Amino acid sequence: MSGEDDLDEGGRVSASPTLPVVSIGSASGSRSPFAEDRDYSDVTLSDEDEDEDDNGEIRQAESPVAGTSARRQYKTVNGKKRIDMTPPDQLLSIAQKRGKKLSILKKADRAIHEYIRCTALTRIVHGSNHWKLAESHVDLGEAYLDLKGYAPQAEYHAETAKSIMLHGAHVSESVQEKATIYKVLIRMYYILGRATTVMKKYPSEQYLMKADRIAQERSRLECVTDEDCDKMDIQLYLAMAKLYGRQKKYALAAEKYDKAIELMERVYGRDSLRLIHVLHDYGKLEQSKGRHANHEKAIDLFQQAHDVATANYKQGSAESYLNECLVSCTTIHGPHHPRSLMVQDELARLLIRTDRLEEAMTMLKSSINPKCQAFGDYSEQVSDTYKLMGSIHLSQSNIERALRSYKKCYNIEQLVLGKNHRKTKDTLRTMELLMSSPGISNKFVLNTEDELQKRPRFNSVVSRGTALGGFKPQT
């Protein structure tokens, strides 16, 4: 990486040593991509993997190494003491596998313990100046930052990796290995940028910009796919967005968030759960601008996060984001604003889906008067509220109250939408089905008009069995 600048201890920019990456041309297997870019959602620790000794140490029985099944080798001394004779390269592969699995399961202390073992074993297997030792330090620093939130430790191990990478001659045996070396450099500067951002240190932006430049150079290699580049760009854009947000460079932060969300929707899909936290952070950024805050955009972002959570059936997340959106609308516009009432209806529907009917009914009843003031007594919003209340009464087997609510909804829909509208016809059909229930038609009368309709029609012609007059028929 010629031409890259580095920072000395005094914060001045100085020329960094050239990193020689020599391509030899012999083929070798490519390494796996970024750990956080891989999908480990289906990884579980088996009983064999979870085997522990009395001291809490994890013992691995088998591990795939070089395409074969490698088992730990023990030697017994005098029939009492066992000595682990497993080669260090096999122990390294076992520790790497264990560290990744424990990181996915959020077992921070045990994962960090395995990554520390990886660092020691990598130094034994590859030496003190190999790029794989720098990769082990990067893995350890990332574990400290993501699992424990320890920014100083993450910075220390990333700086150690930086010293190894910039002061050693690293030979790549293939294009794939060259791409892996570049990835180690990107992750190294990425962790340095994130850690220094948390610690509020000056060189954060320079570190992230270096990672971005290396990522662009890596993307020119033939073995690097577009999806891999997009995933790496997402990580860098989010880190830059958080940095610019802390520095109150809101325009730059919003630009990075927009780019990250666009790439995430393209790579992971519009309903990916990864979008929720990003949209939430973006909404908070829009609200933190003081008198220049764009509250409308913040509400849209919170609403979008709610839609993503609802699409993935995460009701708890959907409710939390929707509640936050309702608080924002109420604070900005007031409780009787149409936008606040719309969010309140969405929250009521969510409560109905989660069988919290009493809370939903209380919320709907309290929203009728504000809706009458905002939209009018005879409006579609008020009729929809009565229809929701009727559905709640119906789910509680209270048919009479359900009929009263549906009747109010039907009367409003007749005036607003007309008798031939689809919604009006659906409401009338529901009422007819309820009235056909045994005992309801005689026990419950909606109004006097319905009662009059049940009477037989008046007929002016009276049929008589005998002829009029006082004459008897002649015999």
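**Entry: Tyr 257 and Tyr 282**

I looked up Tyr 257 and found it buried, because its relative accessible area is 5% and the cut-off for buried is under 20%. I note that the model is a predicted one.

I then checked Tyr 282, which is also buried, with a relative accessibility of 1%.

I counted the aromatic pairs in the structure and got 3. One of them is formed by Tyr 257 and Tyr 282, with 5.0 Å from centre to centre and 15° between the planes. I put this pair down as stacked because its planes are 15° apart and stacked means under 30 degrees.

I looked up where the two rings sit along the chain. Tyr 257 belongs to helix 8 (residues 250-267), while Tyr 282 belongs to helix 9 (residues 274-287). The two are 25 residues apart, and the pair links distant parts of the chain.

**Entry: Tyr 268 and Arg 274**

I asked what lies over the face of Tyr 268. I found Arg 274 there, at 4.2 Å from the ring centre.

**Entry: the repeats in the record**

I looked in UniProt for repeats. The unreviewed entry lists "repeat: TPR" for residues 234-267 and for residues 383-416.

I checked the span 234-267 in the model. The chain there is 91% helix and 0% strand, and 10 Å separate the end C-alpha atoms.

I did the check again for residues 383-416. This span has 91% helix and 0% strand, and its end C-alpha atoms are 9 Å apart.

**Entry: helix 14 and helix 15**

I noted first how such a pair is put into numbers: two packed helices are described by the angle between their axes and the distance between the axes.

I looked up helix 14 (residues 380-395) and helix 15 (residues 399-416), and their axes are 8 Å apart at an angle of about 160°. I recorded helix 14 as roughly antiparallel to helix 15, because the word applies to angles over 145 degrees. The crossing of helix 14 with helix 15 is left-handed.

I went on to the loop between these two helices, where Ser 397 is found. Its phi is near 65°, which is a positive value in a residue other than glycine. I wrote this down because most residues other than glycine have a negative phi. Ser 397 counts as exposed, at 64% relative accessibility.

**Entry: helix 5 and helix 7**

I asked at what angle the axes of helix 5 and helix 7 cross. The axes of helix 5 (residues 175-198) and helix 7 (residues 226-246) cross at roughly 20° and come within 10 Å. I therefore recorded helix 5 as roughly parallel to helix 7, since angles under 35 degrees count as such. Helix 5 and helix 7 make a left-handed crossing.

**Entry: Lys 248**

I looked at the loop between helix 7 and helix 8, where Lys 248 lies. Lys 248 is a residue other than glycine with a positive phi, near 60°. I asked whether Lys 248 is buried or exposed. Lys 248 is exposed because its relative accessibility is 61% and the cut-off is over 50%.

**Entry: Ala 111**

I found Ala 111 in helix 2 (residues 108-126). Its relative accessible area is 0%, so I entered Ala 111 as buried.

I also looked up how far Ala 111 is from Leu 140. The two are 29 residues apart in sequence, and in space 9.1 Å lie between their C-alpha atoms.

Methods
Residues are numbered from 1 along each chain as its sequence is written. This is a predicted model: local features need pLDDT of at least 70, side-chain atom pairs count only at pLDDT 80 or more; totals for chains, interfaces and linings use all residues. Side-chain values use heavy atoms; hydrogens and water are left out. UniProt positions are given in the numbering used here, feature names are shortened, and annotations may be inferred rather than shown by experiment. Helices (H or I, at least four residues) and strands (E, at least two) are DSSP runs, numbered from the N terminus. Rings of Phe, Tyr and Trp (its six-membered ring) pair if their centres lie within 6.5 Å; planes under 30 degrees apart count as stacked, over 60 as edge-to-face and the rest as tilted. Buried means under 20% relative accessible area, exposed over 50%, partly exposed in between (1.4 Å probe, protein chains only). A charge sits over a ring if NZ of Lys or CZ of Arg is within 6 Å of the ring centre and within 35 degrees of the ring normal. Axes are lines fitted to C-alpha atoms, for helices over the stretch in contact, and angles run from 0 to 180 degrees between N-to-C directions. Angles under 35 degrees count as roughly parallel, over 145 as roughly antiparallel, 65 to 115 as roughly perpendicular and the rest as oblique. A crossing is left-handed if the near helix is turned anticlockwise from the far one by less than a right angle, and right-handed if clockwise.
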